[in-house]
Every structure is written in structure tokens, then in C-alpha cells.
Amino acid sequence: MALKYSSITKKVIMALAGLFLISFLIVHLSINLLILKNDNREAFNLAAHFMVTNPLIQTFQWVLFGGFILHILIGILLQIQNWLARPKRYKVEGYSHTSFFSKFMIHTGIVILALLALHLVNFFFKAKFGEIPSVMINGEHYEDMGILVIEKFRSLPFVLIYVFWLIFLGFHLDHAFHSALQSLGLNHSKYTPVAFGLSRVLAILIAGGFILIPVLVYIS
Ligand code: HEM
């Protein structure tokens, strides 16, 4: 019983952290899409500058990293618990039948995490500790984060790695949103198809939106 209770608690925490990470992805994508504007990277660089100088957002960044760590650690714990219970799993939960990708959350999650590390090394740590070229916007100096992104996406292998990563992100998200609603007890059977549909739309919009960036930068 204690195990069952703690497993439900874990799922609720996992769902809340997951929904928080989805909201981060939507903000991150909205800002990143600005790089596709034909304005010499001005809008993107101004938005990136706002994000790194706003104290509220900087504080929020720690909450974000906390959310990532919580989501990953509890995800691994739940998966181990699931593997250990494998012989009688079908008696406990039928959620593995909810969608194709639900069976591969740990696998898609590991791919996302591995390539997130590469992403942070290339962008986040460079922005924090590296030398970023500067650019003049309205007579003031700003860091040219945009050129960093564009130069990275001139390399075909890098673009392919990103597309691969983002497809896995899409697979992960396809199951994520409706699963989070289910864990939070918001899964009225009447709305289940809506939750599944919403999850798929979110997965396609978020992963597809991110994929547009390396691909369009590369071919432009
Ligand atoms: C084409 C896709 C993407 C581009 C161009 C991009 C670009 C960037 C850039 C430039 C930064 C550094 C921001 C700064 O500190 O000034 C950054 C940070 C970050 N990115 Fe991405 N990103 C992409 C996709 C993703 C995805 C799919 C995830 C999550 C799965 C992600 C997670 C993060 C995190 C956690 C940070 C550090 C926190 C932050 O700076 O807000 N990014 N990204």
C-alpha cells in the first residue's frame, strides 16, 4: 500500500514538473523562432538579452533546473519500480496500452537528456562562460547570441543531430501531456480523446517548431 501511495505521489510530482517543463519549452521555442526573422537577429538578441538580464527569469532558471532534475530522477525511479513489478504489471496498470510512445518514455527521455547535455555545452555554457561577439542595436552593445546559433546550424552533422534529438522530444511529448493530466486525476473518460489529441498537437507544434530552426537556418 505504502509503495502504491508513494508511486502515485511520484507520478503527481512527475506530472507537475513535466507540465512546468512544457511551459518552459513553449517560451524557449517562441524566443528561438525570432531567429528566423529577417532583421539581422535583432529581435532574437534583444529577447535573449532580456532573458539573461531579468532577475526574475534568472531566479526562475534555478527552478527550471530543479524541475528537470526532479522529473528525471523520479522518472528513473518509477521506471525501476515498473521493471521490478514487471511479472504482475498488467494487473496493476493498463496505462502501457494508452499509446505507442508510452512504452518508450524512459528510452526517449534518455536520448533527450544525453543531447540536452550537448545543447547546454554548445549554447548555455558558452553564453555563461564563453566569449560572445557583440553587436550594435539602436546604438547600444548587445551579445550576439544569434550568430552563435546560426554558425552552429551551418554544420550539417550538427543540424542532423538536432533534428534527431527533436524528433525524440516529439515522441516523448506525444505521451507527456495526456499522461500528466491522467496523473493529476483530470482524465474524465469523456475528455480522454481530447487530451490525447491535445498531446499530439502539442508534440507536433513544439518539436516541429524547434526542428524548423536548424533546418531553415541551414538552407537559408
Ligand atoms: C533549435 C532548437 C533550440 C535552439 C536554437 C536553442 C537555443 C538555446 C540558446 C541560444 C540557449 C542559451 C540561452 C542563454 O543562456 O542565453 C539555450 C539554453 C537552453 N536550452 Fe535551448 N535551444 C533549442 C532547443 C532546446 C530544447 C528542445 C530544449 C529542451 C529539451 C532546450 C533546453 C534548454 C535549456 C534547459 C537551456 C538553459 C536555460 C536557459 O538558458 O533558458 N533547448 N537554448
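The legends below describe close-up views of a predicted model.

**Figure 1. The whole chain contains eight helices and two strands.**
In order along the sequence, these elements give the pattern α-α-α-α-α-β-β-α-α-α. The C-alpha trace covers about 65 × 35 × 30 Å along its principal axes. Of the 220 residues in the chain, 20% are buried. Counting contacts between residues at least 6 apart in sequence, 74% link residues at least 24 apart.

**Figure 2. A shell of 20 residues lies around the ligand.**
Those that come nearest to the ligand are Phe 123, Phe 124, Ala 127, Phe 210 and Ile 213. Two or more shell residues are supplied by each of helix H1 (2–33), helix H2 (42–53), helix H5 (105–129), helix H6 (145–152), helix H7 (156–183) and helix H8 (192–219). H5 gives the largest share, with seven residues. By class, the shell holds 16 nonpolar residues and four polar ones. No charged residue belongs to the shell.

**Figure 3. Helices H7 and H8 pack against each other with their axes 7 Å apart.**
Two numbers describe a pair of packed helices: the angle between their axes and the distance between those axes. For H7 and H8 the angle is about 165°. Angles over 145 degrees count as roughly antiparallel, so H7 is roughly antiparallel to H8. The crossing of H7 past H8 is right-handed. The contact of H7 with H8 is made of 24 nonpolar, four polar and two charged residues.

**Figure 4. Helices H5 and H7 cross at roughly 140°.**
Their axes come within 9 Å. An angle of roughly 140° falls in neither the roughly parallel, the roughly antiparallel nor the roughly perpendicular range, and H5 and H7 are therefore oblique to each other. The crossing of H5 and H7 is left-handed. On the H5 side, the contact is made by Met 105, Thr 108, Gly 109, Val 111, Ile 112 and Leu 115. On the H7 side, the residues are Ile 161, Trp 165, Phe 168, Leu 169, Phe 171, His 172 and His 175. By class, the contact of H5 with H7 has nine nonpolar and four polar residues, and no charged ones.

**Figure 5. Arg 41 sits in the loop between H1 and H2.**
Arg 41 is not a glycine, yet its phi is positive, at about 70°. A residue is buried if 20 or more other C-beta atoms lie within 10 Å of its own. Arg 41 has 22 such neighbours and therefore counts as buried.

**Figure 6. Asn 138 lies in the loop between strand E1 (134–137) and strand E2 (140–143).**
Asn 138 is not a glycine and has a positive phi of about 50°. Residues with 12 or fewer C-beta neighbours inside 10 Å count as exposed. Asn 138 is exposed because the number of these neighbours is 7.

**Figure 7. Ala 47 belongs to helix H2.**
With 17 C-beta neighbours inside 10 Å, Ala 47 is classed as partly exposed. Leaving out residues up to four places away in sequence, Ala 47 touches Ile 31 and Leu 34. Ser 30 is 17 residues from Ala 47 along the chain, and the C-alpha atoms of the two are separated by 10.0 Å.

**Figure 8. Phe 196 and Leu 212 are both found in helix H8.**
Phe 196 has 17 other C-beta atoms within 10 Å and is therefore partly exposed. From C-alpha to C-alpha, Phe 196 lies 8.0 Å from Phe 177, although the two are 19 residues apart in sequence. Leu 212 has 15 C-beta neighbours inside 10 Å and also counts as partly exposed. The C-alpha atoms of Leu 212 and Arg 200 are 18 Å apart, with their positions 12 residues apart along the chain counted as a sequence separation.

Conventions. Residues numbered from 1 in each chain as written. Predicted model: local features only at pLDDT ≥ 70, side-chain atom pairs only at ≥ 80, totals over all residues. Near = placed C-beta within 6 Å. Helix = DSSP H or I, 4+ residues; strand = E, 2+ residues; numbered from the N terminus. Nonpolar A, V, L, I, M, F, W, Y, C, P; charged D, E, K, R; others polar. Axes fitted to C-alpha atoms, helices over the stretch in contact; angles between N-to-C directions. Parallel < 35°, antiparallel > 145°, perpendicular 65-115°, else oblique. Left-handed = near helix turned anticlockwise from the far one by under 90°. Contact = placed C-beta atoms within 7 Å.
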